[in-house]
Structure formats: structure tokens, C-alpha cells
Amino acid sequence: MSLQNLLDFDAVQLGAWFAAQGEKPFRATQVLRWIHRYGEADFAAMTDLAKTLREKLVAKACVVPPPLLSSRVASDGMHKFLFDVGGGNAVESVFIPEAGRGALCVSTQAGCALECSFCSTGKQGFNRNLTTAEIIGQLWQANRALGRDPKGERIISNVVLMGMGEPLANFDSSVTALRLMLDDNAYGLSRRRVTVSTAGLIPAMDRLREECPVALAISLHAPDDALRDTLAPINKKYPLADLMAACRRYLEKAPRDFVTFEYVLIDGVNDHEHDAKALISLTRQVSCKFNMIPFNPFPGSGYRRSRPERIRRFVDILLRAGIVTTIRKTRGEEIDAACGQLAGQIRNKTRRGAQTARGMLEEQTS
Ligand code: SAH
């Protein structure tokens, strides 16, 4: 009989599993705290549990996060974790420090099926969905590595599902992991401090709003359907007018009163003045902020980053229209941890410059 990995369960599921073992619900809560609040994987160390229960757990269960393959820190404080998820695949998390604490950018899939043209995870193709244990296990491992500040607060204060993969295409595992992040007996993060980033899977956005509303970021990248179809092909299925309507619906239940639009600035592709003006009318009906991301190149992308003065001009047009707009700092490049550079596969790691997808956050950490 294979052991049940308890990292796959949120509080309700853990309670059900304990009930099936003939154990009381409060025992499940105790174990949940040990695993997530205290980062304990060894049942023998869970000293307030009866010895018989500890022995039962050892016989039937385990706490197994994805193994940490490597951990690198850049001079700007970006900290990249590489995890083995089996079958020659690896996924990455990146910790982005901000004034003492910071955000962990977590992956939800090995690879990605959406094929956004500017994203190296997209170029790499789709391998598989991560399990809940593999998603929450990234936070579990990073918390263990980073620890607490002098006041006893966890260093990781925010989480963004903005690493490799599309979280809403791996809905159930992502939402179970989100529930653990929000659970007071686990990570106890507020809904405002947990962000899902999506390329715009509308039916799943509606489900998320009902089942687990957290802060929302939308990868927008273009002001009109013709251009967005080429950059993010999912747009052919869920075009912009419908996406804007879905954002408005989401805001009815969202913990924050705005959505964040992420916009990767690619030289000569989506960074014209007329693009900025078109964005203003596109988003007129949606309470939003913009987060501009200078494109991070990777081998074979065929795109270039917009020049700083072009970025400035683009941002000024949005600002003059009264839209709160930030430019994401580019950090972590020396360890290939910048947005769009997270590597997916272990075998790629042996080649210099084998970079992959994914982004991290600067501004959504407060
Ligand atoms: N699938 C989700 C989450 C993946 S991360 C989504 O699309 O939102 C997505 C973010 O990574 C994008 O919004 C983009 O901001 C960033 N990104 C991807 N490739 C990038 C690149 N080459 N340069 C800069 N940012 C990139």
C-alpha cells in the first residue's frame, strides 16, 4: 500500500482522511499545523499526538514536497529554487525580497500548453499539471529555507501563482494549494496577499471568483484581438471584450478592488503610442492597475525588449489617463530568475542560456 502524501490535502480533505482512519477532527487540525505552520515532515516529532496515532501516521502517510535540486541567490536578493518533479522535469520558484519580507512566485505546471509567443515556458511545451503537494511543497520548502524575521514573522509574506504554467488550467490542484495558503492553521495569508495570474481562462476565472477569490492578475499584453491572438493564442477562444467582462464579474467578489493587468513590452510589437491609447479605452470599464514588464529575452524568442524611453512614453500615456501604472524592476537576471526566464527542465540546466518561462512580481507584495 502506498503512503498518502498529506501535502496533497487542504484542511477539509485532511479532516476527511482522518475520519476515514477513525481519528477525531481536531487531530487533523493538529497535524495540519505541524506540517504547514511549523514545517514538520516527521510524524515522530509531532509530540502532542498520541504515540499510537504517530505510529499509525508513519505506517499510512508521509509528508513529501518536491526535492530541492538547487537554490541560488542573486546579488539583488532574488532567490531561485529549482525542484525536481520527476521524469526529467523541474520547476522553479523565485523569492522576491521587499523591505525585509517578500513574495514567492510559485509554479503550477511543468511546462505550459498556452504557447504565448514571448514566453519560454510556452515554447517548451506542456508536460503535466503539478499536484497540490508539488505546488504547496514549493512554499513549504521555501519557508523552511528562508525562515522567519526577528519578530517571528515568516519572511514569505505574499504568494503569486505566476511561475511556470497556467494556474487556472490546473484548477483543482491550484485551488487546493490556495486554500492552504489562506488557512489560519497552515500559512494564514490574507486573500489580498495571494495572487493568481492568468492568461485569461474565462470559465475558470468565474469558478475562482465563486470558490476561492484571491487577488487577480491578467496577462494582457495587447490592446486588440488581432495582436493578442498572435501573442497569446488563448485569446482566439476568449477574446478581449469577454475578458474585460469577466474581470468586472470577478471584481464583484475579489478581495482587492482592482485587477492587475500585466503587459510585457516588446520592441516594435506592442509598445506603440496607439497601443497605449487603445489600452485606455479597452480597460475603461474595469477598475485596474497596470504592471509593465520589459520583455526578458531568451534564445530564439525573436523579440527584443522595448527601449527605456519608449517604455517611459508608453507609461506616461497611461498615467496621464489616470491609470496607476508601475514598471516591474528587472531583477535576478544573473541567475536566470527574471520574468520569462525560469527554466523548466533539468537537462536544460546543463546548457548555458537555456532559459524558460515565467514571471515574478515586484509590486503586488504589499
Ligand atoms: N500563465 C499565467 C502565469 C504564468 S506567468 C499567466 O499567463 O499569467 C505569466 C507572466 O510571465 C506574464 O504575465 C508575463 O508577465 C511574464 N512573462 C512571460 N514571459 C516573459 C518574458 N519573456 N519577459 C517578461 N515577462 C514574461
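1. Ser-174 is a good place to start: this residue sits in helix α6. The model is a predicted one, and in it Ser-174 counts as buried, because its relative accessibility is 3% and the cut-off for buried is under 20%. A polar atom of the Ser-174 side chain lies 3.1 Å from the backbone oxygen of Pro-167. Leaving aside residues up to four places away in sequence, Ser-174 touches Thr-108, Ile-135, Leu-161 and Pro-167. Pro-167 therefore appears both in the list of touching residues and as the owner of that backbone oxygen.

2. Staying with helix α6, have a look at its partner. Helix α6 covers residues 171-182 and packs with helix α7, residues 202-211, at an angle of about 30°, the axes being 12 Å apart. The two helices are therefore roughly parallel to each other, since angles under 35 degrees are placed in that class. The crossing of α6 past α7 is right-handed. On the α6 side the contact involves Phe-171, Asp-172, Val-175, Leu-178 and Arg-179, and on the α7 side Ala-204, Arg-207, Leu-208 and Glu-211. Sorted by class, these residues come to five nonpolar and four charged, with no polar ones.

3. A second helix pair worth your time is α10 with α11. Helix α10 spans residues 273-282 and packs with α11 at an angle of about 25°, with 9 Å between the axes. That angle makes α10 roughly parallel to α11. Here, too, the handedness can be stated: α10 passes α11 in a right-handed crossing. From α10, the residues in contact are Glu-273, Asp-275, Ala-276, Lys-277, Leu-279 and Ile-280, and they meet Arg-313, Phe-314, Ile-317 and Leu-318 of α11. The class count for this contact is six nonpolar, four charged and no polar residues.

4. One residue of that contact deserves a point of its own. Ile-317 is found in helix α11, which runs over residues 308-320. Is Ile-317 buried or exposed? With a relative accessible area of 8%, Ile-317 is buried. Apart from residues up to four places away in sequence, Ile-317 touches Glu-273, Ala-276, Lys-277 and Ile-280. Those four names also turn up among the α10 residues that make the contact with α11. For a sense of distance, Ile-317 and Thr-283 are 34 residues apart in sequence, and their C-alpha atoms are 14 Å apart in space.

5. Now turn to the helices α1 and α2. Helix α1 takes in residues 11-20 and helix α2 residues 25-37; their axes come within 8 Å and cross at roughly 130°. That makes α1 oblique to α2. The crossing of this pair is right-handed. Which residues meet here? Ala-11, Leu-14, Gly-15 and Phe-18 of α1 meet Arg-27, Ala-28, Val-31 and Leu-32 of α2. By class, the contact has six nonpolar residues, one polar and one charged.

6. Finally, a strand residue. Asn-291 lies in strand β13, residues 288-294. Asn-291 is buried, its relative accessible area being 2%. Which side chains does the side chain of Asn-291 contact? One partner is the side chain of Thr-326, in a polar contact of 3.1 Å. Another is the side chain of Arg-328, joined to that of Asn-291 by a polar contact of 2.7 Å.

Notes. Residues are numbered from 1 along each chain as its sequence is written. This is a predicted model: local features need pLDDT of at least 70, side-chain atom pairs count only at pLDDT 80 or more; totals for chains, interfaces and linings use all residues. Side-chain values use heavy atoms; hydrogens and water are left out. Axes are lines fitted to C-alpha atoms, for helices over the stretch in contact, and angles run from 0 to 180 degrees between N-to-C directions. Angles under 35 degrees count as roughly parallel, over 145 as roughly antiparallel, 65 to 115 as roughly perpendicular and the rest as oblique. A crossing is left-handed if the near helix is turned anticlockwise from the far one by less than a right angle, and right-handed if clockwise. Contact means heavy atoms within 4.5 Å. Ala, Val, Leu, Ile, Met, Phe, Trp, Tyr, Cys and Pro count as nonpolar, Asp, Glu, Lys and Arg as charged, and the others, Gly among them, as polar. Buried means under 20% relative accessible area, exposed over 50%, partly exposed in between (1.4 Å probe, protein chains only). A polar contact is a pair of N or O atoms within 3.5 Å; within protein, one must be able to donate a hydrogen and the other to accept it, and residues adjacent in sequence count only if both atoms are side-chain atoms.
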